[in-house]
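Got your viewer open and your selection tool ready? Here is a walk through the model, one stop after another.

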Amino acid sequence: MSAKAIREAAGKQLLSNFLPAFTTSAAADGASQVYLQNRVVSITKTTDLATLGEAHPWLLTTPLVVKPDQLIKRRGKLGLIKVNTDLAGAVQWITERRNKSFNIGAVEGTLDTFIIEPFVPHEASDEYYICILSERDGDEILFHHEGGVDIGDVDAKAVRLMVNVKEIGAQSVTPQLIREQLLQKVPAARQEFLANFIHSLYKLYVALFFTYLEINPLVVVGTQVHVLDLAAKLDQTAEFECKPYWAEKIEFPPPFGREASAEERYIAELDQKSGSSLKLTILNRKGRIWTMVAGGGASVVYSDTICDLGGAAELANYGEYSGAPSESQTYEYAKTILKCMTDERDERGKVLIIGGGIANFTNVADTFKGIVRALKEFQKLIVEHGISIYVRRGGPNYQEGLRIMRDLGETLGVPIHVYGPETHMTAIVGMALGLFESPEAAEASKQKAIQPSVTETLFADGKTHRATFTGSGRPVLHKHDDLPAIDPTFKPLFSTSTRSIIFGMQPRAVQGMLDFDHVCRRERPSVAAMVYPFSGDHTQKYYWGSKEILVPCYQRLSDAIKAHADADVVINFASFRSAYATTLEALQFHKQIRTIAIIAEGIPENRTRDLIFKGREVGVTVIGPATVGGIKPGCFRIGNTGGMLDNIMTSKLYRAGSVAYVSRSGGMSNELNNIISRTTNGVYEGVAIGGDRYPGTTFIDHLFRYQADPEVKMLVLLGEVGGTEEYDICDAIKSGKLTKPLVAWCIGTCASMFTSEVQFGHAGACANADNETAVAKNKALRDAGAIVPSSFDSLDTAIRATYDQLKQAGIIVPKPEPPVPSVPIDFAWAKELGLIRKPANFVSTISDERGEELLYAGMPISKAFQDDIGVAGVLSLLWFKRLLPDYACKFIEMCLMVTADHGPAVSGAHNTIVTARAGKDLVSSLCSGLLTIGDRFGGALDEAAQQFSEAYDAGLTPAQFVAKLRSENKLIMGVGHKVKSVTNPDMRVTIIRDFCKKTFPTTPLLNFALEVEKLTTAKKPNLILNVDGCIAVCMVDLFRHSGAFTNEEAREYLSIGTLNGLFVLGRTIGFVGHFLDQKRLKQGLYRHDWSDISTLDPTKFPASE
């Protein structure tokens, strides 16, 4: 939901902070002095009441008003307000009520938040009423010259000023206009400054993205305006635009009686951190029926059906997961529900419904993996609580997902009933409630009486026939002759030649559209070009069937539109932050662009209304925002509509049928594709207008298109709770403008059975008035003449019965089925489905970033930080595929430290410095230094380990080892130093040696090397065991005696360069340091001094001499 209520204190604080900035300069006494800024103190459940006077001294000297601040209406009528009291009286009043239960009708809640503010003495004649509210076509300002608790029916009494979208933000709304339209019954002396106040208030309303603001009463004392009681809603989606005003995080509290539980707060936190949607509302912890539903629309449908079939009192929760949540997210979501579900026992057992429509792009198997993890974890409790599980799902890879669930049922020890898209979406509800025994029984049960309704049916004879839908499941037709003629100028929105421009890098959606084009046997691809602002103009490779084609990608939308004059559709995948700007740009090309689909969810409502107005002004059809798009079988598909190719084929969307539908929900539009394909000759066109409060086009816009299209014989509408667009359809049916048979159902009927307000999955799915409820709208549609079933569970039956009657009447003549087109499948998807296998070109066993988080040798990166394994621990995982003991990791870390650098004079550092001074980059300079590492510089570790190990293993004494190498004219690697000696020892060697002697289990090779050192230093004091040799022999001792490696592994690691890797890694630290040092010092090009070079003439000093 985008329009969310805020606390009264928050609303008054916004007015106090920012209303002066929006004041009108024409105010008689200066508008800043007209409005008396509110002083408010918020009291929470933990506020220390004893220190209020110290923290807010004005409370000690001012008469006060105290009341709850928890979105409670008519507090005065409920006795929840204390006026004209002092601080002691206010504290006592709060103390008597704070953290206490209170009933408002059927709703029970806890009073835990209060507001204290100054009491304003005034007369009844000083009270006024004002309300500003946002609607689709603009903002409406309501004013009444009498305010207060006894105002009565304000809708009937108030005078109104409508500010249409075009005028919002313009200069047309003036204090003078407000005075003339609203204030005629206000005393003349007050009209001017009150008009200025309302004018300023409205400007603030627009700038801060309010969607509702009611002040009752608004009190005028003298020339000052006081805001006494305030109720307000803000557009939560505008938070990114309102940072200058919403400097502090605005709290959006739940309705009274719906305080969020710990589980609800946890899921809300997950939702905020995720790009997916995760929602949970616990309705009745003792309820037997729990749901875990995928999709915003589907979640409402399941709740509806449970209530419609008599399970309202047992429904425990409402919630949804959608938008391709990860395995870990669905695991956490499922685990939270299972925890709540197993908190309390019910002797009758419990039911878990894991349902959903047919997904467009979510991999069903992947999301089920998280649910399966949770079910396995709770296996014992599930059995103890007698929980039965019912599963129904469709979409990408659903077969594998259902198989996983079936396999789980065989091992879990509880019944799991699993169904796919061949079963009506809500059939499992009847089974779970014990009403039906099987899908076949459910199908039979749905033939029960459906409430009669009336519709208009078009016969082939060109006349209209009234159809009464009876309990027999078939319309009874009655002829009359008042059908309006079909518009001969009608032009379909999409055709086989429709071409589009895709804004945003959406390779999956583009390939999906091209695959759809191919199976529909289009001659040309429907994607003319793509636009991606973050790269230059280029081409992208895609498949057209089994062939590869290039699709141009432009940096600017204007270039793409100009280059492709045949493209008349823009599909806008821009984010909610930039979708408004990109859509405005597309509207500039309205002479070419006829349709714009906005996919993003969360665009601020003011921006959406502006797009709607501008689109209508220039004759562009806007679909969305918050939509998957639409589809015209055999012709054109918007983005991911219709799901994966297997669903396109199953629902026969590659060829046109006779039924056109319109819905809000993208997920439910896919379900309608499935239902219509199974009960009729198929879909002719379907559009999901989007779940936001103000969709670009409404139901009636598309139904009128279908009415005018002679190929459409039957209409289907899936509306929902919230908004009033369905009443336009009622009017169209009654007036005869809409005459084709319409099967309609509005989801959200369960809302009237909840004791407190529940926000459903879509932003617009919330009733703000009685006529916005699904029950009221279904009744209105039925009364108008639409075919309205008794529940969604009977929707397929109503569609089938209506279609059958139209077919029998000859209105619909099914065409022969065309050959089923061949469906090319992507290699990656086929591999994921397990249809093919291919030998890998690379094999890697040390890391994996394909899952929920990066793995090092099987260890999640989060655990690496949690266990604080450090850099050496990461090295041990990536180099040795195991976590070594702490002492071993410490040894590796010490090796990196002592080998990090040895001054600028050594060859590697020297090369790095020279290269850096030549102006080369970091990588080039680093490579220059690393390439010097070898037998003579730093690369002696491997050979030193080899020499000492072979001698020790052969049983040679240190003296025999030294003599052997001397006889072979070989140097002892790892022995000798240019600077250090016995009398000037290398502290690096001392540190390493002492640590290993102290912490290693045993050090036989180190001991052997130290004995060799005694012999070599006896001949020459600088023939000491150097750092390379010390590290080498200690590493061999580690490999052989730590218990972490087998003898074979120890030999292999010595032979493949592992020890030199330590030196390379350590010395890289120093080389990078030298590079940065030279760049900081801004050293110029290096040139070697001639005095340090001996230049010899080879003719004067021949080599033979």
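**Stop one: a proline in a loop**

Select Pro 625 and you land in the loop between strand S29 (621-623) and strand S30 (630-632). Helices and strands here are DSSP runs, helices being H or I with at least four residues and strands E with at least two, numbered from the N terminus. Now show the backbone: the peptide bond that joins Gly 624 and Pro 625 is cis, with omega about 5°.

Before going further, a word on what you are looking at. This is a predicted model, where local features need pLDDT of at least 70, side-chain atom pairs count only at pLDDT 80 or more, and totals for chains, interfaces and linings use all residues. Residues are numbered from 1 along each chain as its sequence is written, and side-chain values use heavy atoms, with hydrogens and water left out.

**Zoom out**

Color by secondary structure and you should find 38 helices and 38 strands in the chain. The C-alpha atoms fill a box of roughly 120 × 85 × 75 Å along the principal axes. Of the 1105 residues, 55% count as buried; that means under 20% relative accessible area, with exposed being over 50% and partly exposed in between (1.4 Å probe, protein chains only).

Turn on the surface: its accessible area comes to about 48,200 Å², and 53% of that belongs to carbon and sulfur atoms. These areas come from the Shrake-Rupley method with a 1.4 Å probe, and for residues only the protein chains shown count as cover.

How many charged side chains are there? The chain has 117 positive and 126 negative ones, and the centres of the two sets lie 3 Å apart. Lys and Arg count as positive and Asp and Glu as negative, while His and the chain ends are not counted. Each charge is placed at NZ of Lys, CZ of Arg, CG of Asp or CD of Glu.

Contacts here are heavy atoms within 4.5 Å. Among those between residues at least 6 apart in sequence, 73% join residues at least 24 apart.

**Another cis proline, and two positive phi angles**

Jump to Pro 217, which sits in strand S11 (residues 210-221). A cis peptide bond joins Asn 216 to Pro 217, again with omega about 5°.

Step back to Phe 209, in the loop between helix H7 (188-207) and S11. Phe 209 is not a glycine, yet its phi is positive, about 60°. Is the residue buried or exposed? Phe 209 is buried, at 6% relative accessibility.

Next, select Asn 397, in the loop between strand S18 (387-392) and helix H13 (398-412). Asn 397 is another non-glycine with a positive phi of about 60°, and its relative accessible area of 4% makes it buried.

**Long jumps in sequence**

Pick Thr 237, in the loop between strand S13 (230-235) and helix H8 (262-273). Measure from its C-alpha to that of Glu 605: the two are 368 residues apart in sequence and 7.9 Å apart in space. Not counting residues up to four places away in sequence, Thr 237 touches Ser 2, Gly 602, Ile 603, Pro 604 and Glu 605.

Then move to Glu 601, in the loop between strand S28 (595-598) and helix H19 (605-618). Glu 601 is exposed, with a relative accessible area of 54%. Leaving aside neighbours within four places in sequence, Glu 601 is in contact with Phe 576, Ala 626 and Asp 692.

**Hunting for sulfurs**

Select the cysteines. A search of the whole structure finds zero disulfides, a disulfide being a pair of cysteine sulfur atoms within 2.5 Å. For Cys 242, the nearest cysteine sulfur is that of Cys 131, 19 Å away. Cys 242 is buried at 0% relative accessible area, and Cys 131 is buried at 2%.

**Last stop: one helix, end on**

Which residues of helix H33 (residues 958-967) are buried? They are Pro 958, Phe 961, Val 962 and Leu 965. Look down the axis of H33: these buried residues fall within an arc of 95°, so they line one face of the helix. The arc is taken from the directions from the helix axis to the C-beta atoms. An α-helix has 3.6 residues a turn, so residues three or four places apart point the same way.

Show what covers those buried residues, and you will find helix H32 (941-953) and helix H35 (1004-1019) among the cover. Finish at Asn 969, which follows H33 and has a positive phi, near 55°.
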